[in-house]
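Colleague: I would like a close look at a single part of this model, with its surroundings described in order. Please keep to what can be computed from the atoms or read from a record.

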Amino acid sequence: MAEVATEQQILDGLAEIIDDIVGIDKSEVTPEKNFIDDLDIDSLSMVEIAVAAQDQFGVEIPDDELRNLKTVKDVINFVQNLQQQQG
Amino acid sequence: MSKSQTTVVVTGLGATTPLGGDVASTWSALLAGESGVRRLDWDNVDELPVQFAAQVAVDPAEVLPKQRLRRLDRNQALALIAAREAWLHAGYAPPLEKGDDPGAERAGDVVDGDRLGVVLSSGIGGLHTALNSYDVFREKGWKRVSPFTVPMLMPNGASGHVGIEYGAMAGSHALVSACASSGEAVGYAIDMIRAGRADVVICGGTESCIHPLQMASFGSMRAMSTRNDEPERASRPYDKNRDGFVLGEGSAVMILESEEHARARGARIHAIASGAGYSGDAYDIVLPDPSGGGQAKAMRRALADAGLEPADIVHVNAHATSTPAGDVAELNSIKVALGEDVARRLTVTATKSMTGHLLGGAGALESVITILTLREGLVPPVANLEDPDDDVDLDIVRGEPRKLADGPAAAINNSFGFGGHNVSVIFQRAE
């Protein structure tokens, strides 16, 4: 992916994926939210969400990195950084 | 009761079947003699030896949210749907949702989780999940395989999910014995209550394995009907022109509880779950013992377990799958088990003529049908029985539903599985 997505585009895409996989309303997914503490998403669901996010944003999220992505903002930053490097 | 003073009763029924998405619609279709068998709408179905089956009338996607379905094999989704119906039917409160006030008044009775058990069987387990996941693995690699694959393909998955839904902590079990699986589940549930390990048990069976591989593998055994030009007429137990079973899918669940527990909360009692009997043929991995000795032993042991005499039995819901050898062998077993006189007085039905064969779900669905037969006093007729086999000499109900006499009545539900597993469950009309 040559273009770098905006924060809003990544947020919208992520919210769509989370709604699809665990049924949390899109409006609940905001940057400061913690996946486990605030959104009540379990670790296996995070694996599914990560796989879907990789497909959507064209980046690879290694298992080691996945453990560090605790909030929605963490994912947004991670995706933007990788996209910038790839771009 | 012969071994224990505890009487076990049935207080709730649930089902999702090829005839309907609940018990009421399934029962009215059974009385009308309708068939749930249809031609499959798959691509390349013409290449299969068997091109039809009895799929559920209501797809789980119409009932459960898509996020829930992502993590359930189809057999587990069907079990959850049937369990929810049975639970509410028994007058129990729906489980608390996230955010509900645990102190608020509940819309129904509440059970102590340590006194609630689950026995839910599947004969095959998550076949769709296993095969679809393998396709994903080969095409896209291991990282794209769902992290929920294992709990979706394990045959005890349905038992686990239903146990979680209702907080059942007395024990959660999944007996596997092919087409006898959920007959055994009912028997095990009775024993849990008699032994004092639970007051209430959610029990039943589920199956969903209508997949091209099954059409090929049962087809290769020559076990299934190949009446591809007339699917609705393919399942025809006892008919001269029967040529094998028809694969079905679905789930049926019952709420069993001690009579004391049911009466204390004023629950409606639909039948008494009187007892179960088991035997192993120890003969062949797929063929039934042609002497019928194993099947007769299961029926006699069920009578002993229930503390009943052969003459108490007025009706049999036969295993009868529409195979040339099996149907008549079972009739002989009934005569051996109960004696010629009793066998000739009772009515026999074979509801797989309408539902198809639910394999691991069959014993539970036919238990539900047997309970309704006693409660409503009506025997559903065998469909497609146009020209009875010369060897059929018992009173097989066909054409119209048959009225059962009022008063005390007991009925046997037989289930026999590959591996030589035989189980007979007895229900009695509630007073």
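What pLDDT does chain B average, and what share of its residues score at least 70? After that, please concentrate on how domain 1 and domain 2 of chain B are put together.

Modeller: This is a predicted model. Chain B averages a pLDDT of 96, and 99% of the residues score at least 70. For the model, ipTM is 0.80 and pTM is 0.95.

The UniProt record, an unreviewed entry, lists residues 5–429 of chain B as "domain: Ketosynthase family 3 (KS3)". Helix makes up 33% of that span and strand 19%, and the C-alpha atoms at its two ends are 18 Å apart.

The division of chain B gives domain 1, made of 8–96 + 109–271, and domain 2, which is 275–428. Between the C-alpha centres of these two domains of chain B there are 20 Å. On the domain 1 side of chain B, 62 residues are in contact with 58 residues of domain 2. Among the elements that each supply at least two residues to this side of domain 1 are strand 1 (8–16), helix 1 (23–31) and strand 6 (200–207) of chain B. Helix 7 of chain B gives the most, with eight residues. By residue class, the domain 1 side facing domain 2 of chain B divides into 30 nonpolar, 23 polar and nine charged.

The nonpolar core can be followed next. In soluble globular proteins, nonpolar side chains tend to be buried together. The largest nonpolar core here has 124 residues, and those touching the most other members are Ala189(B), Val201(B), Ile202(B), Met254(B), Leu256(B) and Val368(B). Helix 3 (residues 74–89) of chain B contributes the largest share of this core, nine residues. At least three residues of this core come from each of domain 1 and domain 2 of chain B. Val368(B) has contacts beyond four places in sequence with Leu13(B), Ala15(B), Val23(B), Ala252(B) and Met254(B). Apart from this core lies another, of 19 residues, including Ile10(A), Ile18(A), Val72(A) and Val79(A).

Two loop residues of chain B can be set side by side. Thr351(B) sits in the loop between strand 10 (347–349) and helix 13 (352–355) of chain B. Thr351(B) counts as buried because 29 C-beta neighbours fall inside 10 Å. Setting aside residues up to four places away in sequence, Thr351(B) touches Leu30(B), Asn317(B), Glu366(B), Ile369(B) and Pro380(B). From Thr351(B) to Arg144(B) the separation is 207 residues in sequence and 42 Å in space, C-alpha to C-alpha.

Asp243(B) is found in the loop between helix 8 (212–220) and strand 7 (250–258) of chain B. Asp243(B) has 15 C-beta neighbours inside 10 Å and therefore counts as partly exposed. Outside four places in sequence, Asp243(B) is in contact with Ser225(B), Thr226(B) and Arg227(B). For Asp243(B) and Arg227(B), which are 16 residues apart in sequence, the C-alpha to C-alpha distance is 7.9 Å.

Last comes the contact between the chains, which takes seven residues from chain A and eight residues from chain B. Helix 1 (7–22) and helix 2 (43–57) of chain A each supply at least two residues of the chain A side. Helix 2 of chain A provides the largest share, four residues. The chain A side divides into five nonpolar, one polar and one charged.

Key:
Residues are numbered from 1 along each chain as its sequence is written. Chains are lettered from A and ligands numbered from 1 in the order in which they are written. This is a predicted model: local features need pLDDT of at least 70, side-chain atom pairs count only at pLDDT 80 or more; totals for chains, interfaces and linings use all residues. UniProt positions are given in the numbering used here, feature names are shortened, and annotations may be inferred rather than shown by experiment. Two residues are in contact if their C-beta atoms, placed from the backbone, lie within 7 Å. Ala, Val, Leu, Ile, Met, Phe, Trp, Tyr, Cys and Pro count as nonpolar, Asp, Glu, Lys and Arg as charged, and the others, Gly among them, as polar. A residue is buried if 20 or more other C-beta atoms lie within 10 Å of its own, exposed if 12 or fewer, and partly exposed in between; C-beta atoms are placed from the backbone. A nonpolar core is a set of buried Ala, Val, Leu, Ile, Met, Phe, Trp, Tyr and Cys residues joined through C-beta atoms within 7 Å. Domain bounds come from an automatic or database domain assignment. pLDDT is the predictor's confidence in each residue, from 0 to 100.
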